[in-house]
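Please load the model in the viewer and keep the sequence panel visible. The tour proceeds by selection, beginning with one helix and ending with the whole chain.

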Amino acid sequence: MIVDSSALIEQAVGDVIASAFDSAGQRCSALRILCLQEEVADRVLAALKGALAELTLGDPRALATDVGPVISAAARQAIVAHIETMCARGHRVEQPAPPDAAHRGRSCRPR
């Protein structure tokens with residue numbers, strides 16, 4: 001996704017969250033790369049950080065859940081390994097604290 005200075009920040013953030021985290025990011029159409037024009041990057045990133053903090057991880061059968069678990073333990077392990085690699089390479093990472101039950105099983109906190 002590309003977000004430039006003509007974009008409505010709130011709409012762009014909503015689209016990023018929906019594309020990246022609906023279906024726990026496991027669809028072939030899930031957002032993988034977000035390109036931000038320098039003029040709007042700080043505002044978009046601040047809004048994304050706020051939106052991530054509002055997401056609820058949990059059982060997808062619960063209406064309050066925004067992000068359910070990934071498909072398997074192997075999928076979770078691959079995601080966690082990728083996140084750790086990106087952190088080790090110096091990429092800035094934001095990750096909200098999960099509820100107690102969410103870091104058990106196959107849940108991955110949004111980043």
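**First selection: helix α1.** Begin with the buried residues of this helix, which are I9, A12, V13, V16, I17, S19, A20 and F21. The model displayed is a predicted one. Now select residues 9-21 in full: these 13 residues form α1, and the helix reaches 18 Å from its first C-alpha to its last, close to the 18 Å expected at 1.5 Å a residue. With the buried side chains shown as sticks, consider the general geometry: an α-helix has 3.6 residues a turn, so residues three or four places apart point the same way.

**Second selection: the cover of α1.** Which elements lie over the buried residues of α1? Add β1 (2-3) and α2 (38-54) to the display, since the cover includes both of them.

**Third selection: S19.** Centre the view on S19, which is located in helix α1. Is this serine, S19, buried or exposed? S19 counts as buried because its relative accessible area is 16%, under the 20% limit for that class. To see what surrounds S19, leave aside its neighbours within four places in sequence and select R27, S29, A30 and L31; S19 is in contact with each of these residues.

**Fourth selection: helix α3 and the residue G90.** Move to residues 73-88, the extent of α3. This helix has 16 residues and spans 22 Å between its first and last C-alpha atoms, close to the 22 Å expected at 1.5 Å a residue. Then step to G90, just after α3, where the backbone takes a positive phi of about 90°.

**Fifth selection: the cysteines C35 and C87.** Select C35, which counts as partly exposed because its relative accessibility is 40%. Continue to C87, likewise partly exposed, at 34% relative accessibility. How many disulfides are counted in the model? The count comes to 0.

**Final selection: the whole chain.** Return to the full view and colour by secondary structure. The chain contains 3 helices and 2 strands, and from the N terminus on its elements follow the order β-α-β-α-α. Switch to colouring by accessibility: 28% of the 111 residues count as buried. With the surface displayed, the accessible area of the chain comes to about 7400 Å², and carbon and sulfur atoms account for 54% of that area. Lastly, draw the contacts: among those in the chain with a separation of 6 or more, 62% join residues 24 or more positions apart.

Definitions and conventions
Residues are numbered from 1 along each chain as its sequence is written. This is a predicted model: local features need pLDDT of at least 70, side-chain atom pairs count only at pLDDT 80 or more; totals for chains, interfaces and linings use all residues. Side-chain values use heavy atoms; hydrogens and water are left out. Helices (H or I, at least four residues) and strands (E, at least two) are DSSP runs, numbered from the N terminus. The expected span of a helix is 1.5 Å times one less than its number of residues. Buried means under 20% relative accessible area, exposed over 50%, partly exposed in between (1.4 Å probe, protein chains only). Contact means heavy atoms within 4.5 Å. Accessible areas come from the Shrake-Rupley method with a 1.4 Å probe; for residues, only the protein chains shown count as cover. A disulfide is a pair of cysteine sulfur atoms within 2.5 Å.
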